[in-house]
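Me: Please show me the structure. I would like to ask about its strands and its inner spaces.

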Amino acid sequence: MLTLTEIKHKKTQIIIKNYLKNYTSSSTLAFFRVGFGILMSFSIIRFWSKGWIKQLYTEPSFHFSYYGFEWIKPIGEYTYILFVICLLSSFLITVGYKYRISIITFFLSFTYIELMDKTTYLNHYYFISILSFLLIFLPANANFSIDNLVNKKSFNKVPKWTVDVIKMLVILIYFYAGLAKLNSDWLFEAMPLKIWLTSKYDLPIIGEALLQKNWVHYVMSWGGMIYDLTIPFLLIYKRTRVMAFVLVVFFHVFTLVLFPIGMFPHIMIFSSMIFFSSSFHSKVLHYIESMIGKLNNSFKSYASERIEYYNIKKQVPTITILTLFFFLQITIPFRYTLYPGELFWHEQGYRFSWRVMLIEKIGYTNFKIKDPESGLSFMVDSSEHLTPFQLKQMSFQPDFILEFAHHLGDIYSSKETKVEVYADSYVALNGRASKRFINPDINLYKEKESFKNKTWVLPLEDEIKGI
């Protein structure tokens, strides 16, 4: 006789098996593929046109690396070729040609670009990397693709889970961003919005009339938290979906006006459209067909075989990989709990956790090089080694400070003498008074980067309560 636990396990297995047998229209994945490809193509062209490849990758003499990825560096003028590859693959994703090769190429090239210099880290770059990884395993070319013309067949339906995993990723990002806002600085001090909004006094109409008001800062802080926590669930349900999408557009357009956050609003507005019905996605694709002209006739004549269901080969290994993928996405944001002290201060476990615009840190960090044999020392002009943008990022982030200290140590050491490197660092967090950040008595050249707690970062001595 089965135990209660065994019965529950059996029921769970049946539910999972039945769910995996569900199918949905392939137009949703096709719509998402086309939109994703267009957005990525535009992003790369925009990045290039603004001169950021030169400014961020080819001009600097030193680049900050991610721990474990120190071997990834800009490749001089060949960096432009890397962007060309990324652009070409995004275009091929849009039209759905050699889709699997194209999405893998895009994932590798874009992620390599993201890892070339830690200074350029942004949450939406990370989102693009993991989303493109996810798309490798999805049949986004099953419909409305050049692959259909080449193979002379297309598919009406794809497994429902192939759409749901994209929805799950979007839900995860919003929900974790909302959880991160459940902290005392954000909710009870309206920080750092209070700092940023009051600086926008020159904006027409709202700059002086609204953004200087204390109550506006709190409304926007609480509103942002409530928005992030509820919007994915409002998008899920049909009755609230239109209202939710209006909120998405308003929220992201408003933040775009207030803050220079690049492509992030566009990406999130588009990503929220994955929750729309497949009939909406089909109408958009038909509209694109009509805009192109006779493409619809081409599909009918060349993609002669219309197959009802797309069956994924090796579905069990694929689902296993994606289960591990989501397990990591769920757990990685909580790695900060392994470190003592205030996360916003030491930032150990801050990146890759969907903590969006939660801190305003300003600081300065100067380095002293000391010859241990003679006792002589001198201060380094860091601006001779770093760009202004790198200098700003280095001034308040411990892993940046450590890496740059090692870089200086390598420069000024010789075969006979290894110098010592000390940091004189002061940082202000979310409107607090500036205080010493790095222990000035620690030789940073001896400290090694690792996942261990950075004990040479002095404590904040102030608690920010929250998740």
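Some questions and replies on the sheet and the cavities follow.

This is a predicted model, in which local features need pLDDT of at least 70, side-chain atom pairs count only at pLDDT 80 or more, and totals for chains, interfaces and linings use all residues. Residues are numbered from 1 along each chain as its sequence is written, and side-chain values use heavy atoms, with hydrogens and water left out.

Me: Which strands stand at the edges of the sheet?
Reply: Strands are DSSP runs (E, at least two residues), numbered from the N terminus. Two of them pair if DSSP finds at least two bridges between them. The open, mixed sheet has the order S1-S2-S3. A single partner strand each leaves one side without a neighbour, so the edge strands are S1 (23-25) and S3 (305-309).

Me: What is the bridge partner of Phe 155 in S3?
Reply: Strand S2 covers residues 153-159 and runs parallel to S3, with four bridges joining them. In S3, the partner of Phe 155 is Ile 307.

Me: How many of the residues lining the largest cavity are charged?
Reply: A cavity is a set of points on a 1 Å grid over the protein atoms alone, where a 1.4 Å probe fits but cannot get out; lining residues have an atom within 4 Å of a point. The lining of the largest cavity includes Tyr 176, Phe 334 and Arg 355. Asp, Glu, Lys and Arg count as charged. The lining divides into seven nonpolar, one polar and, as charged, one.

Conventions
On a 1 Å grid over the protein atoms alone, a cavity is a set of points where a 1.4 Å probe fits but cannot get out, and a pocket is an open set with protein on both sides within 12 Å along at least five of seven lines; lining residues have an atom within 4 Å of a point.
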